[in-house]
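Thanks for coming, everyone. I'd like to walk you through a structure that's new to most of us, so let's put it on the screen.

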Amino acid sequence: MEKRVTFKNPWLPYLLLTPQLAITAVFFLWPASQALFQSMLIEDPFGLSSEFVWFENFDELFADPLYLRSMGITAVFSISTAALSLSSALLLAVMADRVIKGAAFYKLALLWPYAVAPAVAGVLWLFMFSPANGIIALTLRYLGYEWNHVLNGGEAMVLVVIAAAWKQIAYNFLFFLAGLQSIPKSLIEAAAIDGAGPGKRFWTIVFPLLTPTSFFLLVVNVVYAFFDTFGIIHAVTSGGPAGATNILVYKVYADGFIGLDLGGSAAQSVILMIIVGALTVVQFRYLERRVQY
Amino acid sequence: MIENRPYLTYLSHAILIIGGLIIIFPIYVALVTSSHVTEDVISSVQPWFGGALIDNYVTVLVTGKMSAGGNPLGSMMLNSLIMAVGIVVGKISISIISAFAIVYFRFPGRMFCFWIIFMTLMLPVEVRILPTYKVVVDLGLLNSYTGLTLPLIASATATFLFRQFFLTVPDELAEAARVDGAGPIRFFLTILLPLSRTNIAALSVILFIYGWNQYLWPLLITTEPEMTTVVMGIQRMLFVADAVPEWNLTMAAAILAMLPPVVVVLVMQRQFVKGLVETEK
């Protein structure tokens with residue numbers, strides 16, 4: 001879509017675009033190209049000498065069991081987070097779509113966690129699961145289960161997944177509710193007249209019609225779990241215990257910033273860029289993103 | 001409602017209430033914990049509010065948590081506020097004028113500029129941590145408000161939102177303005193900007209939350225305690241060596257850290273929903 005009526009001015013549009021383009025060039029494109037360049041260098045830790053090695057850093061990365069493990073952990077983390085938050089949000093949205101009384105109140109009660117920073121969400125759940133005085137950990141102990149996410153990698157993963165999913169439910173709920181409300185009532189009525197009960201109507205009409213929304217949310221949730229959960233991991237587990245929650249984004253930070261492995265960290269950055277690029281293309285190219293609210 | 005099934009309606013309410021309670025539960029626990037003295041929360045769970053609520057919040061805001069270096073949360077929250085407002089104003093200003101240029105002008109390299117802006121979507125801070133950090137160091141922007149805000153204000157989503165909106169503005173308006181002798185800047189200031197009010201409000205809410213909740217970026221570029229933002233300040237409170245974990249103070253800090261964005265969402269709910277839905281288009 002283009003405008004029919006435009007203004008003519010030889011320099012004004014460039015002037016208007018300058019701030020945006022300048023910041024993009026300095027803080028986005030230049031660093032990204034540096035990452036690309038460094039990913040093909042091997043530097044000594046003091047930065048005194050460097051050698052151009054083509055794809056050696058990448059070869060090393062894919063031969064590194066720690067990196068492959070981090071990939072696996074990221075997959076487990078993002079799939080669990082997306083599954084947990086999408087399914088609970090869908091359940092709540094379907095219920096909120098049914099009720100008439102109090103709908104606005106429920107919406108308000110479910111929306112606000114969106115505003116909580118991931119790191120703060122992590123701290124809230126960390127406290128409730130804290131082995132010495134957390135309410136959930138103590139309840140579990142009462143039930144005969146010793147919870148200690150500081151020592152147990154699986155439990156640490158459960159903790160970060162719950163914290164990450166808790167924060168994301170609000171977003172998914174909002175989009176599912178919008179999706180549900182845009183389904184024509186006549187379809188549901190027709191099915192009801194034909195004798196389909198609420199459960200059958202949901203699975204044969206509502207759920208299939210929600211597919212575009214669900215698919216869109218799936219991509220958004222994966223992106224969220226990949227990149228926006230850095231705060232949760234950093235504040236709650238620091239990738240531990242023993243690397244059990246060391247997701248890719250955290251590993252880039254830890255290897256580059258703490259481990260000072262510049263080439264390896266840059267190679268990881270490049271791989272992440274490819275992942276975001278692919279997800280962005282999927283999001284823009286193949287997704288029906290029209291949501292009526 | 002298609003058919004009348006009261007038990008299903010009750011079930012819906014029950015599920016919503018349970019879901020809502022689970023969602024709110026962490027906040028309840030945090031609030032209760034933040035109202036007790038340290039000794040009471042160190043090895044037991046308190047079910048109801050204690051009497052130290054105001055003391056704890058004053059301590060955290062004014063003196064900070066001594067075992068964690070004693071940085072007052074008040075100044076951290078001020079830093080967060082400056083950063084969030086800087087990002088809101090910066091992002092909206094630069095993206096509205098670039099959207100204006102892209103929609104209302106024809107010039108060589110227009111599509112190229114559009115794609116450059118689109119590229120920023122593919123390059124979140126998280127994937128280029130180290131080189132971006134280096135740029136900021138080279139420019140001498142460590143521990144400065146400019147360093148905290150400037151690199152984050154380039155935004156494809158905001159530009160797209162305004163572009164989308166400008167495309168729906170009737171051409172007759174621009175035509176009429178031109179006939180009346182108004183130039184592009186005048187048209188922008190007197191017609192387009194007032195028309196964009198609701199979009200700006202919606203976007204401001206989303207961007208305020210985005211700016212306030214930044215974590216990785218301030219973590220990288222602030223090394224001095226005076227420049228810490230509140231969300232990352234919480235993290236520093238967590239890992240305190242050789243000291244009693246003062247969970248009551250940490251929880252008070254967590255409540256304070258989430259208060260401004262949560263209040264913004266609750267008060268400006270309509271703009272929030274609009275912003276959330278529209279920035280995803």
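Before any percentages, one bit of vocabulary: when I say two residues are in contact, I mean that their C-beta atoms, placed from the backbone, lie within 7 Å. With that in hand, take chain A: among its contacts with a separation of 6 or more, 70% are between residues 24 or more positions apart. In chain B, the matching share is 74%.

Please keep in mind that this is a predicted model. The predictor gives the complex an ipTM of 0.85 and a pTM of 0.87. For chain B, the mean pLDDT is 82, with 90% of the residues at 70 or more. Going element by element in chain B, helix H2, residues 38–41, has the lowest mean pLDDT, 68, and H4(B) has the highest, 90. As a general caution, where pLDDT is low, the predicted coordinates should not be read in detail.

Okay, the two chains. Chain A has 13 helices and two strands, while chain B has 15 helices and zero strands. Along the principal axes, the C-alpha atoms of chain A fill a box of roughly 75 × 75 × 30 Å; for chain B the box is roughly 75 × 70 × 30 Å. Chain B has 281 residues, and a compact globule of that length would have a radius of gyration near 19 Å, but chain B comes out at 24 Å. As for burial, 42% of the 293 residues of chain A count as buried, and in chain B it's 46% of the 281 residues.

So what happens where the chains meet? Chain A puts 84 residues into the contact, and chain B puts in 84 residues. On the chain A side, helix H1, residues 12–38, gives the most, with 18 residues. What kinds of residues make up that side of chain A? They divide into 65 nonpolar, 14 polar and five charged.

Let's zoom in on a helix in chain B, H8, residues 156–168. Does its length agree or disagree with the usual rise per residue? Its 13 residues, at 1.5 Å each, should span 18 Å, and the end C-alpha atoms are 19 Å apart, so that agrees. The buried residues of H8(B) include Phe160(B), Leu161(B), Phe162(B), Arg163(B) and Phe166(B). What do the buried residues of H8(B) pack against? Their partners are H1 of chain A, plus H4, H5, H10, H11 and H15 of chain B.

Phe166(B) turns up again in the next stop, which is Phe100(B). Skipping neighbours within four places in sequence, Phe100(B) is in contact with Leu16(A), Phe166(B), Phe188(B) and Leu192(B). The largest nonpolar core has 158 residues, and those touching the most other members are Val120(A), Phe100(B) and Ala254(B).

Over in chain A, we can try the length check on helix H10, residues 211–228. With 18 residues at 1.5 Å each, it should span 26 Å; the end C-alpha atoms are 24 Å apart, which agrees. Among the buried residues of H10(A) are Phe216(A), Leu217(A), Val220(A), Tyr224(A) and Asp228(A).

Now a few single residues. Ala235(A) sits in helix H11 of chain A, residues 230–236. Is Ala235(A) buried or exposed? It has 28 C-beta neighbours inside 10 Å, so Ala235(A) counts as buried. Ala235(A) and Ala119(A) are 116 residues apart in sequence, yet their C-alpha atoms are 5.9 Å apart. Beyond its neighbours within four places in sequence, Ala235(A) is in contact with Ala119(A), Gly122(A) and Val123(A), and across in chain B with Gln235(B) and Leu238(B).

Leu123(B) lies in the loop between H5 and H6 of chain B. Why does Leu123(B) count as buried? Because 25 other C-beta atoms lie within 10 Å. Leaving out residues up to four places away in sequence, Leu123(B) touches Phe28(A), Ala32(A), Met273(A) and Arg128(B).

Last one: Arg5(B), in the segment before helix H1 of chain B. Arg5(B) has 13 C-beta neighbours inside 10 Å, so it counts as partly exposed. Its C-alpha atom is 42 Å from that of Thr33(B), 28 residues apart along the chain.

That's my tour; happy to go back to any part of it.

Key:
Residues numbered from 1 in each chain as written. Chains lettered and ligands numbered in written order. Predicted model: local features only at pLDDT ≥ 70, side-chain atom pairs only at ≥ 80, totals over all residues. Helix = DSSP H or I, 4+ residues; strand = E, 2+ residues; numbered from the N terminus. Nonpolar A, V, L, I, M, F, W, Y, C, P; charged D, E, K, R; others polar. Expected span 1.5 Å × (residues − 1). Buried ≥ 20, exposed ≤ 12 C-beta atoms within 10 Å, placed from the backbone. Core = buried A, V, L, I, M, F, W, Y, C linked by C-beta atoms within 7 Å. Rg over C-alpha atoms; globule rule 2.2 N^0.38 Å. pLDDT = per-residue confidence, 0-100.
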